[in-house]
Amino acid sequence: MVRHVRTAAAVLMAVLTGYACLGFYEQPVHIGGGTPRVSLADTVLSPPPVRKGGRVFVPVEAVLLAQEGGKWEQKAFACVGSYIPLGQALDLLEIFSVEEGRDGMRVPAWGADPAGRSHYRIYPLYDVVAHVDAVEGVIKGNVTVSYRNPYFSRLSDLQFLLPGNGFAWGGSLIKVDGVRVDGRQVEFAVVGSRLEVPLPRPVAPLEAVSVGITFTTRLPRRPGRLGIFDGIIVASGWYPLLCPRQGGIWVGMAEGAAFGDPYFSDAGYYRAAVEVPAGLAVVASGKVSGRREGNGRTVWFFTSEKPVREFTFVAGTGWKMSTGCVGHTEVMLASRRDADLPVLAGAVPAFSFFSDYWGPYPYTYLHVVVAPLEDGLWGMEYPGLVLVNARKGIIPHLVVVHEVAHQWWYNLVGNDTIRSAWIDEGLAEYSALVYCREKGPELYGEIRARVTAGGKVPEREKDLRLYGTEEEYRQAVYGGGALYWLEREEVMGTGRLREALRWVQEYYRYDRVDAGDLERILAFFDVNGSQAPNRQKTAGGAE
């Protein structure tokens, strides 16, 4: 028992020392010879640290755990909620001071996080190629994933989502033709919506492996997130996508779910080439980096610039387009109907508002496209790409605002959309309400009442397949989710809630936050956040 406590203490000292170097950068971690040598500023830790007023605070139980035998030895400390200042934690544990910018330290690859929630900030690179046959309704594709193990334990396999095999209406749309690991053909198994790839040998933390997959995806001739309808191709969930990992296991898809977002994914860098018949324009979750034409075909090349959660594209003809710029980002709007463009144009001021309110948007592109979707959807969010349902007639302005907000609450900061969809959907609804309160306060009370009608604060975790109807799901996740954040705002004040959520945006950028860690951050800022500069009552009663 003493040996285990000492090991935990040693790991905790490494973690706490790493907290002192917090400064969340996007460049890859430095890897030296022999044992990996990294700065813990390049990790996502659970429970998370918080930073306020230039000071870093760490969870108090981390310090308690590091005391051998669980005894404090009568050492006093100032507890701020469930956190203490980093400097005091280092003093209590008698850890030497760490200068800002220290090169790094050796990190144990075991025992640091038994639940498997902590990991390095390392993102895979997807090289994706799609050959689209619009006549036959198929995509012949291949994807090469350059992967470096971000977890603190070895991996004996990699698993991939096959989203097209798990949609309630789709059947088995993705057929895996072959898999290579580091260039060698390997055995694999397809189980429903999951591709299982045993590795020839375990991959250690921070060790690299390359997986190449060839596949064929059938495009149903129907409106939806994956299909062809009215001459427009919509391709989401069309290729093998790395499964997210939670609690030390790979997490799959909510197979057969008839509504909601039945899968979620972790972020990665993307380079993509989409070959289509000449004359089709392609808009995607990426910036156009080139185009090549020949033999009646056009290849469109894309890059994600920064990590994104997945790569989706739409292809079609007859679009009318307009563009607007906000800072370094070009917002492109596309629809076949002239009447849609003024409504879509509302994406530009909403995007500008959220960039200021939640934090900077790191990409140079945002595309808003009207395309045919399922009956139950007004819109659908993808990284750098908003789809609005062409089959819904007049598009409500709030639909566009809600979907733009998802660029922050889904893409930049993700969550488990199967069990905790109230996080991103609730925050997108709350964001739209905040926008309305600022831009159209005379309508805010009416809109707030309509959004939250019938909703109640949702359960922290509830599988979307447990909802009896889509209406029940929407009331809980959208209405109840918005209500959760409005109640938080009334308790904390707008200033404190915004401060807390901006920290979530900073710390979890390109990553995922779970409900427990999110609520822990909210509790810290509730006790210690700044007072809102304008805590006046609004028409809806919120502060």
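Modeller: A crossing of two helices is left-handed if the near helix is turned anticlockwise from the far one by less than a right angle, and right-handed if clockwise. This model is predicted. In it, α7 passes α8 in a left-handed crossing.

Biologist: What makes α7 and α8 roughly antiparallel rather than roughly parallel?

Modeller: The axes of α7 and α8 cross at roughly 160° and come within 7 Å. Angles over 145 degrees count as roughly antiparallel. The value for α7 and α8 passes that cut-off, so the pair is roughly antiparallel.

Biologist: How do you know that α7 meets α8, and which residues are involved?

Modeller: Contact means heavy atoms within 4.5 Å. On the α7 side are Glu429, Leu433, Cys436, Arg437, Glu438 and Lys439. On the α8 side are Pro441, Tyr444, Ile447, Arg448 and Val451.

Biologist: What classes of residue make up the contact of α7 with α8?

Modeller: Six are nonpolar and five are charged. No polar residue takes part.

Biologist: Turn to α6 and α7. Why are these two called oblique to each other?

Modeller: Helix α6, residues 397-405, packs on helix α7, residues 421-439, at about 120°. Roughly perpendicular covers 65 to 115 degrees, and roughly antiparallel starts over 145. An angle of about 120° falls in neither range, so α6 and α7 are oblique. Their axes lie 8 Å apart.

Biologist: Is the crossing of α6 and α7 left-handed or right-handed?

Modeller: Right-handed. The α6 side of the contact is made by His397, Leu398, Val401, His402 and Ala405. The α7 side has Glu425, Ala428, Glu429, Ser431, Ala432, Tyr435 and Cys436. By class, that contact holds seven nonpolar, three polar and two charged residues.

Biologist: Now α9 and α10. What makes them oblique?

Modeller: The axes of α9 and helix α10, residues 494-507, cross at roughly 120°. That lies outside the 65 to 115 degrees for roughly perpendicular and is not over 145, so α9 and α10 are oblique. Their axes come within 6 Å.

Biologist: Which residues of α9 and α10 meet?

Modeller: From α9, Trp485, Arg488, Glu489 and Met492. From α10, Thr494, Arg496, Leu497, Ala500 and Leu501. Five residues of this contact are nonpolar, one is polar and three are charged.

Biologist: On to the empty space. What is the volume of the largest pocket, and what makes it a pocket and not a cavity?

Modeller: The largest pocket holds about 890 Å³. A pocket is an open set of points, whereas a probe in a cavity cannot get out. Of the 36 residues lining the largest pocket, Trp378, Val399, Glu429, Arg474 and Tyr478 are closest to its centre. Glu429 also appears in the contact of α6 with α7 and in that of α7 with α8.

Biologist: Which element supplies the largest share of the lining of the largest pocket?

Modeller: α9, with seven residues. β29, α6, α7, α8 and α9 each supply at least two. By class, the lining has 18 nonpolar, seven polar and 11 charged residues.

Biologist: What lines the second largest pocket?

Modeller: Its lining has 41 residues. Nearest its centre lie His119, Arg245, Gln246, Asp266 and Arg512. The volume is about 660 Å³. Strands β7, β9, β19, β20 and β32, and helix α11, each give at least two lining residues. The classes are 23 nonpolar, seven polar and 11 charged.

Biologist: How many cavities are there of 30 Å³ or more?

Modeller: Four. The largest cavity has about 160 Å³ of space. It is lined by 17 residues, with Asp261, Tyr263, Phe264, Glu310 and Tyr410 closest to its centre. Strand β29, residues 379-382, gives the largest share of that lining, three residues. The lining divides into seven nonpolar, five polar and five charged.

Biologist: Last, the backbone. How do you know whether the peptide bond from Ser46 to Pro47 is cis or trans?

Modeller: Omega is near 0°, and the bond is cis. Pro47 sits in the loop between β2 and β3.

Biologist: What is notable about phi of Asp230?

Modeller: Phi is near 55°, a positive value in a residue other than glycine. Asp230 lies in the loop between β16 and β17.

Definitions and conventions:
Residues are numbered from 1 along each chain as its sequence is written. This is a predicted model: local features need pLDDT of at least 70, side-chain atom pairs count only at pLDDT 80 or more; totals for chains, interfaces and linings use all residues. Side-chain values use heavy atoms; hydrogens and water are left out. On a 1 Å grid over the protein atoms alone, a cavity is a set of points where a 1.4 Å probe fits but cannot get out, and a pocket is an open set with protein on both sides within 12 Å along at least five of seven lines; lining residues have an atom within 4 Å of a point. Grid points are joined across faces, edges and corners, and a volume is the space filled by probe spheres set on the points. Helices (H or I, at least four residues) and strands (E, at least two) are DSSP runs, numbered from the N terminus. Ala, Val, Leu, Ile, Met, Phe, Trp, Tyr, Cys and Pro count as nonpolar, Asp, Glu, Lys and Arg as charged, and the others, Gly among them, as polar. Axes are lines fitted to C-alpha atoms, for helices over the stretch in contact, and angles run from 0 to 180 degrees between N-to-C directions. Angles under 35 degrees count as roughly parallel, over 145 as roughly antiparallel, 65 to 115 as roughly perpendicular and the rest as oblique.
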